[in-house]
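Colleague: Could you take me closely through one buried position in a loop, saying where it sits and what surrounds it? Afterwards, please set that position against the chain it belongs to and against the rest of the assembly.

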Amino acid sequence: MRARAVAIAAAVAMLAPALAQDRSVLVASTTSTQDSGLFGHILPIFKAKTGIEVKVLAQGSGQALDTGRRGDADVVFVHARPAEEKFVADGFGVKRNPVMYNDFVLIGPSGDPAGVKGTKDIVAALAAIRAAGASFISRGDKSGTHQAELALWKIAGIDIASARGPWYKEIGQGMGAALNAAAASNGYVLADRGTWISFKNRGDLVIAVEGDRRLFNQYGVILVNPAKHPHVKKDLGQAFIDWLISPDGQKAIADYKINGQQLFFPNATVPGA
Amino acid sequence: MRAPASDLPIVFEQASVVVRGVAILERISLSLDPGAPTVVIGPNGAGKTTLFRLAAALIMPTSGRVSWGGKAVTDGRRLAMVFQRPVMLRRSAAANVAYGLTEVARSARPARVQQLLELVGLADLARRPARRLSGGEQQRLALARALARAPEVLFLDEPTASLDPAATKAVEDIVRAVAATGVKVVISTQNLGQARRLAGDLVFMLRGGVHGRAPTEQFFAAPPTPEAAAFLRGDIVI
Amino acid sequence: MSDGASAFDLLFSGDPALLAIVGLSLAVSLAATVLAAVVALPLGAALALVRFPGRGALIVILNALMGLPPVVVGLAAYLLLSRSGPLGFLGILFTPEAMVTAQAVLVLPIIAALTRQTIEDFWVEYRDELTALRVSPARRVATLIWDARFSLFTAVLAGFGRAAAEVGTVMIVGGNIEGFTRVMTTAIALETSKGDLALAIGLGVVLLALIVAVNAIAGGVRRLGEIHAG
């Protein structure tokens, strides 16, 4: 008698996760977005409104898109527009919806060995860093931040693959780790403003360059294509996407502040974003 | 229901045991008959232990035959062996004895364990972890464990070799009591005094062979072979 | 300095996030160890007692597998369990179930190899007696396992210690999802990379305490075994 009760309880316990997952959706996003604390702010609002639990898998943009390609997530929410458009074009995603943007800032030591502090031209700053051989930390992990950094080197006319030397350090890790490395080695690093504001281990680092339009970082959200992966939770995933680009979702994003500063600027309705 | 067939006499016919080219036992022809204890004497390396293993059906001869009560095979249930250095299970003394009581009904076991422990004088130590008993106590416990199987034949391989005189006497008293109940006891020893005290008949072994066999008094009075005579004199027989 | 102080605040205030992480870590590693033990104990005993061709090679391989790098196990599990992989239909990637399974794979060789060694040592000691007592093969196995129970429990504890302390497997296969697959080791890695050292230190202290406790229990069990062994 007791054995049967135990068996039933065990079976229910094993089913419980499966049942709970019916109202949950897995979103592959980036470490910098998670580290900024945005999800901690907007997801409870979404859950209160719809009862849907959003689980966030924080990876680099490259890895997040790969996770979507493999069908291991329901939604992809990253900031790497060319890669996102290719993702959709290749049939792995249904549609790319712009959501918001934040900006990158160039962080550097307060001693400023390359003499770039306070300039408004990121491209000139990078060229100066290269010329001075000042220490520069790169994420090197195919993330959106890394891809933005590479694009800027290209605009500066520097072929980073051949120009790299001991001054250029690729760490293959997330934004927090890159900032830690910059603090430890008195180096420059390109960071998203959100991670910078919430980063606690600043040491001697300050913002060296900001405000250049080329530093703006656009986010897009994409439903993984159920045609390629039939198990994808398309209704729940679409509900999340619809909310993100709705006035409610956009307001929740804009309301997220650290130290009174807004980090993310919603632009779902801006054409061409 | 167990068949009433007996495993005695144990008869060796030209039995040899060869291990890695070395003849441990060479063409043994011998009969172990029911009755008074048989003592096997001889120096180290004579092959006494191997003879016992063969007789207890723990090993097979490489040539020749061994038979038990006329049968070519035995399931060994009526044969019990106590090794020179017995190994106790990591349990209490009583549990070790109970381990051999598979043939006895569960309800009857505690009484039987108590009986056996009293026989070997260890009733007070029933609860003690068996491995914390002294050498002599473990030897007696091994005896009780072997007797738990109610064997027909009990082999004891140099049971008192490492014991002090008091412990030796205790073991010999138990052996005499056991033999008196009708169990055939086969004992090996290097101690001539023990042989004299316990044996009905003596078997003298040397270099893997039997070099003399006779009832005890006769053996001492008129040794059957020159080697036996030399051994009795106290010579080192190589 | 302030990180350390706030770490202790977190620890003693019973911060729910921290408790959830600790609870999940214990649940995953315990479940993985039990799962592994259920397979590894009989496997180790069989390997110790049964002679078959290739046994020697299998023992060498099993001993080598004790050193399986956790990240490699994580990677292999990830490739197998991904929706694009052969076991994708199970749909358990990035869930605690996958973490338990992968950790069980990591821990199984440890328990099996230690069991094999223990049972073999006990068999060498008990062989003559158990043979002379005409004990059936089934009873022999049961006797060896029971008499070796303290050593075997220590082997299982060793497996648990390995599971609780590793980060590579659960990171790759679990995805470190907040509130769902985040355990002590992955949380420490994450918080450190964010520069938020208070939580990392707090969890580090808890993890250390757990490992110390496991070793203390192992020592106590060994001593218990010695009392019985005499």
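Modeller: The position I would choose is S36(A), which is found in the loop between α2 (31-35) and α3 (38-50) of chain A, and I should say at once that the model is a predicted one. S36(A) counts as buried because its relative accessibility is 1%, where the cut-off for burial is under 20%. If neighbours within four places in sequence are left aside, the residues in contact with S36(A) are G194(A), T195(A), S198(A), Y256(A), I258(A), L263(A) and F264(A).

The chain around this serine has twelve helices and twelve strands. Of the 273 residues in chain A, 52% are buried, and S36(A) is counted as buried as well. Among the contacts of chain A between residues at least 6 apart in sequence, 74% join residues at least 24 apart. Along the principal axes, the C-alpha atoms of chain A fill a box of roughly 75 × 45 × 40 Å, and the chain exposes about 11500 Å², with 57% of that area supplied by carbon and sulfur atoms. Chain A carries 30 positive and 24 negative side chains, and the centres of these two sets lie 4 Å apart.

Another loop of chain A makes a useful companion to the one that holds S36(A). N186(A) has its place in the loop between α9 (175-185) and β7 (188-192) of chain A, and its phi is near 50°, a positive value in a residue other than glycine. With a relative accessible area of 41%, N186(A) is partly exposed, whereas S36(A) is buried at 1%.

Chain B offers a second buried loop position to set beside the serine. T160(B) has its place in the loop between β6 (153-157) and α5 (165-180) of chain B, and it is classed as buried because its relative accessible area of 9% falls under 20%. Leaving aside neighbours within four places in sequence, T160(B) is in contact with T168(B), V171(B) and Q194(B). The last of these partners, Q194(B), is 34 residues away along the chain, with the two C-alpha atoms separated by 9.3 Å. E158(B) also lies in the loop between β6 and α5 of chain B; it has a positive phi of about 45° although it is not a glycine, and with a relative accessible area of 9% it too is buried. Elsewhere in chain B, a cis peptide bond with omega of about -5° joins L8(B) and P9(B), and P9(B) has its place in the segment before β1 (10-19).

As for the assembly, no contact joins chain A and chain B, and their closest C-alpha atoms lie 27 Å apart. There are two pairs of chains in contact, and of these, chains B and C share the most contacts.

Chain C has ten helices and zero strands, and its C-alpha trace spans about 65 × 45 × 25 Å along the principal axes. Buried residues account for 47% of its 230 residues. The accessible surface of chain C comes to about 10100 Å², of which 74% belongs to carbon and sulfur atoms. Its side chains include 14 positive and 15 negative ones, and the centres of the two sets are 13 Å apart.

The last feature to consider is enclosed space. Two cavities of 30 Å³ or more are counted, and the largest cavity holds about 80 Å³ of space. Its lining consists of 14 residues, of which S25(C), S29(C), A163(C), A164(C) and V183(C) lie nearest its centre. From chain C, α2 (16-49), α7 (149-165) and α9 (184-194) each supply at least two residues of this lining, and α2(C) gives the most, with four residues.

Key: Residues numbered from 1 in each chain as written. Chains lettered and ligands numbered in written order. Predicted model: local features only at pLDDT ≥ 70, side-chain atom pairs only at ≥ 80, totals over all residues. Heavy atoms only, no water. Buried < 20%, exposed > 50% of the residue type's maximum accessible area, 1.4 Å probe, protein only. Areas by Shrake-Rupley, 256 points an atom, 1.4 Å probe, with all protein chains shown as cover. Lys, Arg positive; Asp, Glu negative; His and termini not counted. Charge placed at Lys NZ, Arg CZ, Asp CG, Glu CD. 1 Å grid on protein atoms, 1.4 Å probe; cavity = no way out; pocket = protein on both sides within 12 Å on 5 of 7 lines; lining within 4 Å. Points joined across faces, edges and corners; volume = space filled by probe spheres on them. Contact = heavy atoms within 4.5 Å.
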